[in-house]
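Biologist: I've got a model open and I'd like to learn how to read it. Could you walk me through it, feature by feature?

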Amino acid sequence: MLVGGGHAHVEVLRSFAMRPLAGARLTLVTPGPEMIYSGMLPGRIAGHYSHEDCVIDLVALCRAAGAVLVPHAAIRLDLAEKRLLVAGGGQAPYHQAPYDILSLDIGIVPKLDAIAGADRHAIAVKPIGDFEAKWLELQTRCLAPEGPRRMLVIGGGAAGFELILAVRHALVAELGRDLAAAARLSFTLISDTPLLGADGKAARRAAEKALEMRRIRLLAGRPAVRIEAGGAVLDDGSFVPADAVFVATQAQLPPWLREAGLRLDAEGFVAVGPSLQTLDEEGVFAVGDCAGMVASPRPKAGVYAVRQGPILAANLRRFVLGEALLPYHPQRRRLMLLGLGEEEAIALWGPFAAKGKWAWRWKQHIDRGWIARYRVGGALFPSPAT
Ligand SMILES: Cc1cc2nc3c(=O)[nH]c(=O)nc-3n(C[C@H](O)[C@H](O)[C@H](O)COP(=O)(O)OP(=O)(O)OC[C@H]3O[C@@H](n4cnc5c(N)ncnc54)[C@H](O)[C@@H]3O)c2cc1C
């Protein structure tokens with residue numbers, strides 16, 4: 001049973017579609033019929049991609065893999081009884097789904113309670129599957145004559161950085177010709193740590209320069225403590241006015257999984273070993289943002305979920321067959337390509353940073369190539385019937 005149509009589980013479905021395993025029954029429990037690819041989300045907000053460009057059709061993928069799709073959210077996990085409780089769609093408020101082998105790839109949810117008022121006045125960026133609709137609704141309001149103009153993003157990691165640039169690009173493109181409206185546009189990024197704190201000095205300098213060139217105000221080292229209807233209050237009591245506040249700060253496991261009894265890592269995510277299996281529960285795997293690799297901790301990024309996919313697929317197969325599981329070794333360095341709103345990106349590799357249109361084209365090539373692997377019937381995924 002696969003819980004969550006995330007970045008690793010799409011690879012499991014692809015693998016089982018390409019090479020079915022006799023006797024194995026696959027079920028995917030996930031609330032929506034599509035998965036949005038995180039690498040292309042900022043490009044979608046900026047207006048470079050259509051919805052179809054950056055989503056994977058989970059219904060088609062399940063059909064190709066012979067998997068049953070349960071289009072609802074899991075709400076409780078009973079490890080002793082090997083049962084998942086799934087929110088009901090029809091008459092019943094929920095139903096039970098028994099499993100033999102379980103794999104969790106459900107992403108994470110925002111820690112909205114860390115900033116007072118965030119639950120009422122902010123737009124949470126996670127879970128990313130819900131964000132596109134929230135953005136489209138806001139964008140429509142922005143186009144009205146007296147619509148929101150002052151944008152504030154809280155969170156100085158890669159997601160917050162790409163988000164403020166994408167939002168700026170979209171609104172300047174939409175409102176740029178209306179001089180009065182454009183004059184009222186303002187963009188601010190707040191971070192309680194240095195910008196891209198975890199990614200080194202060169203990354204920070206390149207990112208700061210990109211913001212400066214686009215007149216995006218950066219308030220680094222300043223935690224937001226409260227969000228109100230008209231803006232955010234910082235720890236020194238100063239007030240940053242804003243018509244829309246996005247929260248892209250640290251996230252956490254949803255409560256139902258936190259309370260399931262699985263061993264958690266120091267940061268509160270499901271602890272897994274090199275085989276991606278949980279530490280105490282045989283046959284329960286976890287991947288992506290919801291998992292913490294205790295032997296080799298890494299920051300939360302879609303690239304790890306993507307790279308875990310093939311190992312997870314192999315290990316689920318091996319577990320069924322009673323074979324030894326393979327280890328996943330996350331790369332020590334990862335290439336980061338951060339879009340700058342326009343068709344330009346910063347490339348980060350360890351201590352090196354470089355910027356240019358070539359980096360955007362490279363990012364596009366990688367992202368489009370990855371998503372094409374999951375288009376059933378496409379050149380990279382001939383449907384089983386063809
Ligand atoms: C703006 C932005 C830009 C980003 N850009 C990048 C980037 O360029 N590169 C990068 O590496 N990372 C990027 N990230 C980080 C990336 O989004 C995450 O690391 C990635 O989405 C994690 O993948 P996942 O498979 O763990 O979870 P997700 O992609 O969140 O997938 C989880 C799935 O589980 C489903 N689900 C959730 N709850 C339940 C439930 N209760 N029951 C069943 N199913 C459930 C969801 O609907 C979803 O289908 C970005 C993040 C943001 C916010």
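Modeller: We'll start with the ground rules, then go through the ligand site, the aromatic rings and some backbone details. This is a predicted model, so to speak of local features we need pLDDT of at least 70, and side-chain atom pairs count only at pLDDT 80 or more, while totals for chains, interfaces and linings use all residues. Numbering runs from 1 along each chain as its sequence is written, and side-chain values use heavy atoms, with hydrogens and water left out.

Biologist: Ligand first, then. Which residues come nearest to the ligand?

Modeller: The general idea is that a residue is near a molecule if one of its heavy atoms lies within 4 Å of it. Here 28 residues surround the ligand, and H7, A74, D105, D289 and G302 come nearest.

Biologist: And what sort of residues make up that shell, nonpolar, polar or charged?

Modeller: The classes go like this: Ala, Val, Leu, Ile, Met, Phe, Trp, Tyr, Cys and Pro are nonpolar, Asp, Glu, Lys and Arg are charged, and the others, Gly among them, are polar. By that scheme the shell has 14 nonpolar, 10 polar and 4 charged residues.

Biologist: Which polar atoms does the ligand's oxygen lie close to? Start with D105.

Modeller: A polar contact is a pair of N or O atoms within 3.5 Å; within protein, one must be able to donate a hydrogen and the other to accept it, and residues adjacent in sequence count only if both atoms are side-chain atoms. For D105, a side-chain N or O atom is 2.7 Å from an oxygen atom of the ligand. With H7 the partner is a polar backbone atom, 2.8 Å from a ligand oxygen. D289 also offers a polar backbone atom, at 2.8 Å from an oxygen of the ligand.

Biologist: How much of the ligand's accessible area does the protein cover?

Modeller: Accessible areas come from the Shrake-Rupley method with a 1.4 Å probe, and for residues only the protein chains shown count as cover. On its own the ligand has 990 Å² of accessible area, and the protein covers 87% of that.

Biologist: Which helices supply the shell, and where does the ligand lie relative to the domains?

Modeller: Helices (H or I, at least four residues) and strands (E, at least two) are DSSP runs, numbered from the N terminus. α6 (158-175) and α10 (302-321) each supply at least two shell residues, and α10 gives the most, with 3. As for domains, their bounds come from an automatic or database domain assignment. Domain 1 (2-109 + 252-333 + 364-372) and domain 2 (110-248) both give residues to the shell, so the ligand lies between them.

Biologist: On to the rings. How many aromatic pairs are there?

Modeller: Rings of Phe, Tyr and Trp (its six-membered ring) pair if their centres lie within 6.5 Å; planes under 30 degrees apart are stacked, over 60 edge-to-face and the rest tilted. That rule gives 6 aromatic pairs. Take F131 and F246: their ring centres are 6.1 Å apart and the planes sit at 65 degrees, so the pair is edge-to-face. F131 is in helix α5 (residues 128-142) and F246 in strand β18 (residues 244-247), so the pair ties together parts 115 residues apart in sequence.

Biologist: Are F131 and F246 buried or exposed?

Modeller: Buried means under 20% relative accessible area, exposed over 50%, and partly exposed in between (1.4 Å probe, protein chains only). Both F131 and F246 are buried. Elsewhere, Y37, W370 and Y374 form one aromatic cluster. The side chain of Y374 also makes a polar contact with the side chain of E11, at 2.5 Å. E11 is in helix α1 (residues 9-18) and counts as buried at 9% relative accessibility.

Biologist: Last topic: the backbone. Which features should I look for?

Modeller: Most residues other than glycine have a negative phi, and most peptide bonds are trans. Here K126 and P127 are joined by a cis peptide bond, with omega about -5 degrees. P127 lies in the loop between β11 (122-124) and α5.

Biologist: Which residues have a positive phi without being glycine?

Modeller: K82 is one of them, with phi about 50 degrees. K82 sits in the loop between β6 (74-78) and β7 (83-87) and is partly exposed, with a relative accessible area of 35%. L276 is another, with phi near 75 degrees. L276 belongs to the loop between β20 (270-272) and β21 (284-286), and is buried at a relative accessible area of 0%.
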